Amino acid sequence: MSDDCEAPPTVTLTDVLEAVESPGVFACGFEDNSAAAPGLSVADFGCISLPLQPQQAEALQKICKPAPFGRGEATVLDPAVRRSWQVDASKVHCANPEFKQCLERYTSKVAEDLGVYTSVAVSAQLYKLLLYQTGDHFAEHRDTEKADGMFATMVILLPSVYQGGELVVQHNGKSKTFDFSAANGYSLCCAAFYADCKHQLLPVQSGYRLALVYNLVHAANVPKPILRDRAETIAQIHSLAQQWDVPDDEPRCQVYVLDHQYSEDGLQGLATLKNRDRAVAALLHDVAQSGILEVFIVTLKHYISGQDVGGQRRRWEVVPWEDCEIYTDRRTVEDWQTLEGQKIKHCPLEISADDIMQGADVFDGRDPTGEDHCGYTGNAGATLSKWYHTKAILMWPRSRHTLNWGPGQYSGRQYKENLLSLRSQADQVMPQLLELLKVLPGAWQSAAMQQATNGSAVAPTVEAHMESLQPNSRECVQRNGFGEVVCQLCMPILALRLLDTLQESALDDNVVKLTSQLAGAFGWALVRPALQRAADQAAKLPPLAETTDRATYGYSSYQQPKDRLDKLTVGIETMCTLASMSAGSTAPPPPADIIEAMVVSMMRALVEAALAEELSQGDMSPASRCNFIAATVKLLLMLGRGAESEGYEGTRELPEHLLGLFVGMLLSQPAAFPVTTVLLGACERIFKPAVTEFSGSLVSGACLRLPVASTALLQAEVIKPLPPQPTTWSKAISLGCTCTSCAELSKFLAKPDEREWRPWDKEVDIPHLKEQIRKAGNPDIQHRPNSQQSYDYRGKYRKPLEFIKAHNAHKNLLSERKTNEKALKSFQKLLNQVAQQDPKLLPEALADFPPPPVPVPAAQCPSSCQLD
Ligand SMILES: O=C(O)CCC(=O)C(=O)O
Ligand SMILES: [Fe+2]
């Protein structure tokens, strides 16, 4: 053959995977006319005879609840979306044992049709009994995964006579309709579909539709499936993977986008994949077993943002994406897990469009996962962004593992992880190495050799392996593994190296675990700098201006003041753990000065003005603020109490002093720490548990200042005279005429609450009214033509705005007063409890805050608010 004859078309890995057939369908259904009668009964109602009779259906409906549906996080009722009636599973009983078998048969049949592995145990959990009457329906939706392991919904239609009520299920552009109305009351019918498929129930045209709805749930951790013709496909993928070892300009990795949508919790390895997705993953899994491919399940995230350059546009106009200049178009893979379902800690890895096997346009036609529209800013056009998240399989030939995963510019951080070192080294080499190292010191000891000298022989190896620890990772297991080895080797230098790997970690339990372990072997002095660093880190609150720009970084995390407050709260809570560490654990309790230095560093951060400004940020919830106060007070109380107990050798002056500063700071920031919400909540948290948790520690005058001062503040507040309520908002003017038009206007003016009157009535004589108002000398009764258009010349009449403003202001004052009174009662109750606990204490604290003088009754000004 000559050289220029056409080469046979090359089959790519994508071709092979795309050709994998689904072992099942997305939805299935059947009619069973030899089914056993269920023997259905409903608690508080009784037996239901089937086929369902209209009279019984009517009676049943009366004891049903309207069926809600999920909207975002919430469960809501909206007949436009869903109208049907439900009975909870707990009240439904099917007495016939034959029906149980029937149910089992249906479950395994639909599991097989849906392509669930035969070896997976699938069970059906009754969820609801649903009754639909004429007109009832359920608009298009996806079912939430209501139980662990739930992957599909099964509906069993009970014999009843109805028309309409078709179940329509959709998936990837295909649609299946299940119309069981023809069964006409004598058979059982069954339909099932994967939970992520969109489906709807069309309106029931007549009669009653009665259905049992089940969650189909399967056991995880199951062996891989047996599929026909697999051997050939596996061989094909294997050989393509071998050829993949090609020069650097080839894609570094490939990403295969899965068909189905998965929730993060529901997805645990290949066993939980659905349908064709599982068939594809199972094939890749087998190829990976031979050591030629690395395969992970990941979330593929595509983020796009751009600016409208389409010229002049009105504010409300929707900007088409075609008119945008795209400045960010970034794809990353995140949330790594192995096919066995083991979650892997890995930074987001940036991939290129070419890496996506189904092509860069794989998201075309799909709804984005989220969108943002930043509106117009000055002269600049609107900023648009959207993002897509979907589950995918990430793979690359194992022979390429030594490549750098550059350029890895992501949120300003360099990710140059070598994946082999992450996975093989950390998962495989490391445990072996650790095992080996653990026995070494013992061996040296028995050989009466110098540990230190021998230790130094392995030190470089241990140190080299420490490099593989991800800095700042919250995962402490491996670090702890090293901790043990390092302690046994008795090499403080290695301990310091290990502490270095914490780098910028903020103070949390992981840091405490490692430091106390090392402190046990090497003393607190050695770990002190690392602890202090972590405390400083927790206290470090960069000014707001440093937060990253959303438009630039998209979905990358950016810190909110709230996040920072939470971080500080965790740090403070961790200090509690540290301070209460009892003797007898691996380490002796930390010396007081370490804790105190850390506390001082956090307190300084707090009292600093920068933070004070941030604390009034609106996006911090009162709950966050309460947590923060409660944690801080708890820590300081503990330190104070520690002075009397053995473990902690601190002085009580410092904690008490800090507590005083802290309480002072809280009281001086009423905008950030409002008394009725935040301070009350915090005091309830502090003092209620304190009664049992810290009995004795309440002997802290500084801390009691918080409720005592709040009470005093509120007492002063609630006796302030309220401006008297205006008796009426009516505008009492007398029009010099009693014609119908004037009578109508007078009626409006006399109404206490109404601000506007639109005399739609054609009979009203507008010019006459204007004239009468003018004559009565009330220019503030305004007549406003509705618009320039003359067809609505009547327009509207308005009372002056001040009327309404004053009216609302008074209402607000009243409700504020009520809130204050309620909070005051709560504070007083709380103080009573404290007084019972320790009768001496309260009078002391109260001395600082004498009750406010009894006010002179407010001067009445009854008529000053009469507006005419
Ligand atoms: O009644 C049906 O067939 C379907 C009900 C449904 O989709 C649901 O309860 O989520
Ligand atoms: Fe549904």
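## Reading the shell, the sheets and the cores

By class, the shell around ligand 1 in this predicted model holds seven nonpolar residues, one polar and one charged.

Reader: What makes D143 and H199, two of the residues surrounding ligand 1, count as charged or polar?

Author: Ligand 1 is surrounded by L130, F138, D143, V155, L167, H199, L201, A211 and V213. Asp is counted as charged, whereas His is not among the residues listed as nonpolar or charged and therefore counts as polar. The elements that give two or more residues to this shell are β17 (198–201) and β19 (209–218).

Reader: How do you know that β11 and β17 are paired strands?

Author: Pairing requires at least two bridges, and two bridges join β11 (residues 137–141) to β17, so the pair meets the requirement. The two strands run antiparallel, and F138 stands opposite L201 in β17. Both F138 and L201 are among the residues that surround ligand 1.

Reader: Why are β7 and β15 called edge strands?

Author: Five strands form an open sheet in the order β7-β11-β17-β14-β15, with antiparallel pairing. The strands β7 (82–83) and β15 (174–178) each pair on one side only, and they are the edge strands of this sheet.

Reader: What makes strand β10 mostly covered?

Author: A residue is called buried if 20 or more other C-beta atoms lie within 10 Å of its own, and eight of the eleven residues of β10 (residues 122–132) are buried. Strand β10 is joined to β19 by ten bridges in the antiparallel sense, Q125 having N215 in β19 as its bridge partner. Strand β8 (residues 85–88) also pairs with β10, over four antiparallel bridges, and there the bridge partner of V87 is L129.

Reader: Why is the set of 63 residues called a nonpolar core?

Author: The name applies because its members are buried residues of the listed types, such as Ala and Leu, joined through C-beta atoms within 7 Å. Within this largest nonpolar core, A534 and L679 have the most contacts. Helix α16 (residues 622–642) gives the largest share, nine residues, and the core draws at least three residues from each of domain 3 (433–503) and domain 4 (506–546 + 555–673).

Reader: Which residues is L679 in contact with, leaving aside its neighbours within four places in sequence?

Author: With those neighbours left aside, L679 is in contact with L666, F673, L706 and S710. A second, separate core of 58 residues includes C28, M150, L167 and A191, and L167 is also one of the residues surrounding ligand 1.

Notes. Residues are numbered from 1 along each chain as its sequence is written. Chains are lettered from A and ligands numbered from 1 in the order in which they are written. This is a predicted model: local features need pLDDT of at least 70, side-chain atom pairs count only at pLDDT 80 or more; totals for chains, interfaces and linings use all residues. A residue is buried if 20 or more other C-beta atoms lie within 10 Å of its own, exposed if 12 or fewer, and partly exposed in between; C-beta atoms are placed from the backbone. Domain bounds come from an automatic or database domain assignment. Two residues are in contact if their C-beta atoms, placed from the backbone, lie within 7 Å. A residue is near a molecule or strand if its C-beta atom, placed from the backbone, lies within 6 Å of it.
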